[in-house]
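User: I am new to reading protein structures, and I would like to learn how to look at one feature at a time. Could you take me through an example?

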Amino acid sequence: MWNNWAGDQACTPAHFAQPASVDEVRDTVRESARQGRGVRVVGAGHSFGDNVLTSGTLLSLDRLSGVLGVDREAGTVRVAAGTRLHELNRLLDGHGLALANLGDIDSQSVAGAISTATHGTGRNLGNLATFVQDVELVTAQGDVLQASAAGRDVLEAARVSVGALGVITAYTLKVVPSFTLHGVQEPALLDETLERLDDHVDGNDHFEFFSFPHSATVLAKRTNRVDDPAPGRGTSTTGRLRSYLEGELLENTALDLVCRLGRARPGLIPRLNRLATDLITPTSRTGTSHEVLVSKRSVRFTETEWALPREACAEALTEMRRLVTSRRLDVNFPFEVRFVAGDGESLLSPAYGRESCYIAAHMYRGMPWQEFFTAVQDVALSYGGRPHWGKRHSLSADRLSGLYPRWDDFQRVRRELDPDGLFANDHVRRIFGA
């Protein structure tokens, strides 16, 4: 049996494959087609929905890993699709290179993160799919396809495909020279943060904040590039201890204890929310980009996340917070609010064609999430929101088709590459149609 990271999605596939080469991927796809078994591809299992569940072939990318080539002149690297982001960051660092932006965690596979348009924060920085220059994938016929050679529409569809076009085996990614970041996180008043939101977003390379529903205080994080010829080197024992106390002990152990108590005694959640924000103290860190952008997250939860027009952020978040109190929903996790540049090259990017604000809502493991997530979804949709493809939502193709200007172009590519739906499961049929 396979389980996702959150532990709330599971399946028992008829066949579990771990190919170590593109040829082995082709053989697995062709054999599955002959046997009439659908194929779904799994990376690190960090999607919160039923994205990869199958009773057919579950194909793991774990053995397709590593940097396959570096082109310094072009500023690109070729990377195997199963490479974990934390491993890619380490390998790029060894070449003096980096990704221009990263999400909050680095546990995902490259393919899983890119195919669901995973993102970080930064108004001038797009989601991870915007770094993609080319995609190599194995089609339903067992052919190896270079998306850039197959036409612009194919590449634009393959960047964010939710695994519906084929088995992605490698990417060519745009990279930048390694750089150093200085990050500051500190408590701030929610009202002031929302009133001066444009100043915060436009005035920092990376800005985000966390807002507990029952607290007027937020945790604001500002991160900016700085000059440092030797970023993150020679961290002292005292520095490592402080990093542990701030990251592991406070952000994970303490949060887990607070959430456990809230799950056992929901009536305490409003007070626990305020206690959590009272414990926030200003902290700062300087290091290589991936050391500062990425956080360790060991507390298990499930999540929904929505990309809204940036200008809708304050009103939408205020409405989402209000519904928690008005409906007396037991929510002991904060909203996470981030900002990204518009994406004009990925047909199914939630940020397609517009600068976007992402609002994520979480629920601690073992707690009912359906009513809360449905309410958040309703608010997001009222502002033109689009769901994160790796998070929970209940939309189907008839509703999703109206949210993406080039939906029909993606569907045409899908019909061309997978006419019989070999790479479809219940999730894919729901979001894209049969």
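Analyst: What follows goes through sheets, then a helix pair, then a salt bridge, in a model that is predicted.

User: Let us begin with sheets. In what order do the strands of the five-stranded open sheet stand?

Analyst: As a general idea, strands of a sheet pair through backbone hydrogen bonds, and this pairing is either parallel or antiparallel. In this structure, five strands form an open sheet with the order 6-7-11-9-10, and their pairing is antiparallel. Strand 6 (67-71) and strand 10 (144-146) stand at the edges with a single partner strand each, so one side of each has no neighbour in the sheet. On average, and ignoring direction, neighbouring strands of this sheet are turned by 15° against each other.

User: How many bridges join strand 7 to strand 11, and which residue is the bridge partner of Val79 in strand 11?

Analyst: Strand 7 (residues 76-80) and strand 11 (residues 167-174) run antiparallel and are joined by five bridges; the partner of Val79 in strand 11 is Tyr171. A helix belongs in this picture too, since helix 1 (residues 22-35) lies across strand 9 (132-138), strand 10 and strand 11, and runs at about 50° to strand 9.

User: What is the strand order in the open sheet of eight strands, and which strands are at its edges?

Analyst: The order is 16-13-15-14-18-19-17-20, again with antiparallel pairing. The edge strands, each of which pairs on one side only, are strand 16 (283-288) and strand 20 (386-387). Within this sheet, strand 13 (residues 180-189) pairs with strand 15 (residues 217-226) in the antiparallel sense over ten bridges, and here Glu186 stands opposite Ala220 of strand 15. Strand 15 also pairs with strand 14 (residues 206-211), in the antiparallel sense and over six bridges, with Glu208 standing opposite Lys221 of strand 15. Strand 14 and strand 15 form a hairpin, in which five residues lie between the two strands.

User: What happens at strand 20, and which strands does helix 12 touch where it packs on the sheet?

Analyst: Strand 20 pairs with strand 17 (residues 301-309) in the antiparallel sense over two bridges, and Ala307 stands opposite Arg386 in strand 20. Helix 12 packs on the sheet by touching strand 17, strand 18 (335-340) and strand 19 (356-364), and its direction makes about 10° with that of strand 17.

User: How should I describe two helices that pack together, and at what angle do the axes of helix 11 and helix 12 cross?

Analyst: Two packed helices are described by the angle between their axes and the distance between the axes. The axes of helix 11 (residues 313-326) and helix 12 (residues 370-382) come within 10 Å and cross at roughly 150°, which makes helix 11 roughly antiparallel to helix 12. Their crossing is right-handed. Helix 11 contributes Ala316, Glu319, Met320, Leu323 and Val324 to the contact, while helix 12 contributes Phe372, Ala375, Val376, Val379 and Ala380. Sorted by class, the residues in this contact are nine nonpolar, no polar and one charged.

User: Finally, how many salt bridges does a search of the whole structure find, and which parts of the chain does the pair of Arg392 and Asp8 link?

Analyst: Side chains of opposite charge can pair when their charged atoms come close. A search of the whole structure finds 28 salt bridges, one of which joins the side chains of Arg392 and Asp8 at 3.1 Å, N to O. This pair links distant parts of the chain, 384 residues apart: Arg392 lies in the loop between strand 20 and helix 13 (397-400), and Asp8 lies in the loop between strand 1 (2-3) and strand 2 (10-11).

Terms used:
Residues numbered from 1 in each chain as written. Predicted model: local features only at pLDDT ≥ 70, side-chain atom pairs only at ≥ 80, totals over all residues. Heavy atoms only, no water. Axes fitted to C-alpha atoms, helices over the stretch in contact; angles between N-to-C directions. Helix = DSSP H or I, 4+ residues; strand = E, 2+ residues; numbered from the N terminus. Parallel < 35°, antiparallel > 145°, perpendicular 65-115°, else oblique. Left-handed = near helix turned anticlockwise from the far one by under 90°. Contact = heavy atoms within 4.5 Å. Nonpolar A, V, L, I, M, F, W, Y, C, P; charged D, E, K, R; others polar. Pairing = 2+ DSSP bridges. Salt bridge = Lys/Arg side-chain N within 4 Å of Asp/Glu carboxyl O.
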